[in-house]
Amino acid sequence: MTYPRSAVDMAFSLLPASMDTKTARRIHAAIGWQESRYQNRRQVIEVQGKLKEAGPACGFWQFERGGGVKGVMNFGGQVSSLAMLVCNLRAVPWDRETVWLTLAKDDVLAAAFARLLMFTDPKSLPTTAQGAWDLYARVWRPGK
């Protein structure tokens, strides 16, 4: 699989233009690469000695139901309002379980939720690789 450019373009078009910057797109792309290498829409785990797409995270940006999905949906203000708008535009019911499962098959929804999760960070978008890594660690909380 390759970077889902058309899905990302569509996702960013559903969000305010101020969220669509070169910096945001670079970090967004890097997080997707780090999380899934754009190969698995469901987290790969070992099940009975075999690797399977059966883990708790969905979408190329690997959202868990009680982690990123809950975080975006419950953040409040502009974040949850925009998430609800995107769900409505994608015909996805505003239900955590449904959203989580849909992330594994709707790259536009997954890309939008990833950008919205980035937006929850209280700090400005970083301009350095270290800053981007720090944002990823703060917001995605890998390994938690």
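Is Tyr38 buried or exposed? The exercises below take up this residue and several helices.

The model is predicted: local features need pLDDT of at least 70, side-chain atom pairs count only at pLDDT 80 or more, and totals for chains, interfaces and linings use all residues. Residues are numbered from 1 along each chain as its sequence is written, and side-chain values use heavy atoms, with hydrogens and water left out.

**Exercise 1. Classify Tyr38 and Gln62 by accessibility, and state where each one lies.**

Step 1. Buried means under 20% relative accessible area, exposed over 50%, and partly exposed in between (1.4 Å probe, protein chains only). Tyr38 has 3% relative accessibility and therefore counts as buried.

Step 2. Tyr38 is located in the loop between H2 and strand S1 (42-47). Helices (H or I, at least four residues) and strands (E, at least two) are DSSP runs, numbered from the N terminus.

Step 3. Although Tyr38 is not a glycine, its phi is positive, at about 55°.

Step 4. Gln62 sits in the loop between strand S2 (50-58) and strand S3 (63-64). Gln62 has a positive phi of about 55° and is not a glycine. Its relative accessibility is 10%, so Gln62 counts as buried.

**Exercise 2. Describe the packing of H1 on H6.**

Step 1. Two packed helices are described by the angle between their axes and the distance between the axes. Axes are lines fitted to C-alpha atoms, for helices over the stretch in contact, and angles run from 0 to 180 degrees between N-to-C directions.

Step 2. For helix H1 (residues 5-13) and helix H6 (residues 107-119), the axes come within 8 Å and cross at roughly 55°.

Step 3. Angles under 35 degrees count as roughly parallel, over 145 as roughly antiparallel, 65 to 115 as roughly perpendicular and the rest as oblique. H1 and H6 are therefore oblique to each other.

Step 4. Contact means heavy atoms within 4.5 Å. On the H1 side the residues are Ala7, Val8, Met10, Ala11 and Phe12, which meet Asp107, Val108, Ala111, Ala112 and Arg115 in H6. By class, the contact of H1 with H6 has 8 nonpolar, no polar and 2 charged residues. Here Ala, Val, Leu, Ile, Met, Phe, Trp, Tyr, Cys and Pro count as nonpolar, Asp, Glu, Lys and Arg as charged, and the others, Gly among them, as polar.

**Exercise 3. Find the two sides of H1.**

Step 1. The residues Ala7, Val8, Ala11 and Phe12 of H1 are buried. They cover an arc of only 130° around the axis, which puts them on the same side of H1. The arc is that of the directions from the helix axis to the C-beta atoms.

Step 2. Arg5, Ser6 and Ser13 are exposed on the other side of H1.

Step 3. Helix H2 (22-36) and H6 are what the buried residues of H1 pack against.

**Exercise 4. Repeat the packing analysis for H4 and H6.**

Step 1. The axes of helix H4 (residues 77-89) and H6 are 10 Å apart, at an angle of about 175°. H4 and H6 are therefore roughly antiparallel to each other.

Step 2. H4 contributes Gln78, Val79, Leu82, Ala83, Val86 and Cys87 to the contact, and H6 contributes Leu109, Ala112, Phe113, Leu116 and Phe119.

Step 3. The contact of H4 with H6 divides into 10 nonpolar, 1 polar and no charged residues.
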